[in-house]
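I opened my notebook today to look up how one protein chain is put together. Here is what I wrote down, entry by entry.

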Amino acid sequence: MTVSAAPALSAAPLTAPSLRRRLACWLYEGMLMFGVVFISGYLFGTLSQTRNAMDNRPGLQAFLFVIFGIYFTWFWSKGQTLAMKTWNIRVVGRDGQAISQPRALLRYVWSWIWFLPPLAAMAPFGLPVGETLVILLGWVAFWALLSRFHPERQFWHDALAGTRLVGSLPLSR
């Protein structure tokens, strides 16, 4: 008799983890992304022969957007990133089943709502880095608190993508 991952997943309730836990996971994911950015930036600089960080900046940003998309789409379609495993959080479809790669890609695109609105609004003004950071963090806090108004306490980009974050059972040690 074989045991599949579906019964283990359904053993955990399909309720959203606390906002504090999801944001802690989000911050941890951001720290892990430094490694992805470092390796990707090195690869881009080597392949494009870029000697100065400000040269070919739009190219690097587009490259990182694609790399982040590959990273998140791959791991979300498997259920969890490393940070999500650490915090026992899993991404699933509305039905509680694993999501497909196209659904994970859709979630990735919608997740940019965390950053794009404030950055797009501030771009024409050329604000200093400190002010930009304050506005960006204010938007992130506002967007996170909006999950309180979702009937299942999910982030709104998850609702738009047809996904949800749920608690997962810790792996046995």
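**Entry 1: two helices that cross**

I started with H3 and H5, which are oblique to each other because of the angle at which their axes cross. I looked up that angle and found roughly 130°, with the axes coming within 8 Å. I should add that this is a predicted model. The crossing of H3 and H5 is right-handed. On the H3 side, the contact is made by Phe65, Phe68, Gly69, Phe72, Thr73, Trp74, Trp76 and Ser77. H5 brings Gln101, Ala104, Leu105, Arg107, Tyr108 and Ser111 to that contact.

**Entry 2: the chain as a whole**

Next I stepped back to see the full chain. I counted eight helices and two strands. Read from the N terminus, the order is α-α-α-α-β-α-α-α-α-β. The C-alpha trace spans about 60 × 35 × 30 Å along its principal axes. The chain has 173 residues, and 34% of them count as buried. I also looked at contacts between residues at least 6 apart in sequence: 70% of these join residues at least 24 apart.

**Entry 3: another helix pair**

Then I turned to H2 and H3. Their axes come within 10 Å and cross at roughly 125°. That angle makes H2 oblique to H3. The crossing of H2 and H3 is right-handed. Among the H2 residues in this contact I noted Glu29, Met33, Val36 and Phe44. H3 answers with residues including Gly59, Phe63, Ile67 and Phe72.

**Entry 4: the nonpolar core**

Which residues have the most contacts inside the largest nonpolar core? I found Phe72, Trp76 and Met84, in a core of 22 residues. Helices H2, H3, H4, H5 and H7 and strand E1 each supply at least two residues of this core. I reminded myself that in soluble globular proteins, nonpolar side chains tend to be buried together.

I followed Phe72 outward, skipping residues up to four places away in sequence. Phe72 touches Glu29, Met33, Ser77, Thr81 and Tyr108.

Trp76 was my next stop, and it lies in helix H3. Is Trp76 buried or exposed? Its relative accessible area is 6%, so Trp76 counts as buried. Leaving aside neighbours within four places in sequence, Trp76 is in contact with Thr81, Met84, Val91, Ile99, Ala104, Arg107, Tyr108 and Ser111. I also checked Trp76 against Ser100: they are 24 residues apart in sequence, and their C-alpha atoms are 8.5 Å apart in space.

**Entry 5: the salt bridges**

How many salt bridges does the structure hold? I found two. Side chains of opposite charge can pair when their charged atoms come close.

One salt bridge joins Asp158 and Arg107, with the closest N and O atoms 2.4 Å apart. This pair links distant parts of the chain, since Asp158 sits in helix H8 and Arg107 in helix H5, 51 residues apart. Both Asp158 and Arg107 are buried.

Glu152 and Arg164 form a salt bridge too, at 3.7 Å from N to O. Glu152 lies in the loop between H7 and H8 and Arg164 in strand E2, so the pair ties together parts 12 residues apart in sequence. I compared the accessibility of the partners. Glu152 counts as partly exposed because its relative accessibility is 42%, while Arg164 is buried because its relative accessible area is 10%.

**Entry 6: loops and odd angles**

I finished in the loops. Most residues other than glycine have a negative phi, and most peptide bonds are trans. Asn56 is not a glycine, yet its phi is positive, at about 60°. Asn56 is in the loop between H2 and H3, and at 39% relative accessibility it counts as partly exposed. Arg153 also has a positive phi, near 60°, without being a glycine. I found Arg153 in the loop between H7 and H8; at 40% relative accessibility, Arg153 counts as partly exposed.

My last lookup was Leu127, in the loop between helix H6 and H7. Leu127 counts as partly exposed because its relative accessibility is 28%. Apart from its neighbours within four places in sequence, Leu127 is in contact with Met122, Thr132 and Ile135.

Key
Residues numbered from 1 in each chain as written. Predicted model: local features only at pLDDT ≥ 70, side-chain atom pairs only at ≥ 80, totals over all residues. Heavy atoms only, no water. Core = buried A, V, L, I, M, F, W, Y, C linked by side-chain atoms within 4.5 Å. Buried < 20%, exposed > 50% of the residue type's maximum accessible area, 1.4 Å probe, protein only. Helix = DSSP H or I, 4+ residues; strand = E, 2+ residues; numbered from the N terminus. Contact = heavy atoms within 4.5 Å. Salt bridge = Lys/Arg side-chain N within 4 Å of Asp/Glu carboxyl O. Axes fitted to C-alpha atoms, helices over the stretch in contact; angles between N-to-C directions. Parallel < 35°, antiparallel > 145°, perpendicular 65-115°, else oblique. Left-handed = near helix turned anticlockwise from the far one by under 90°.
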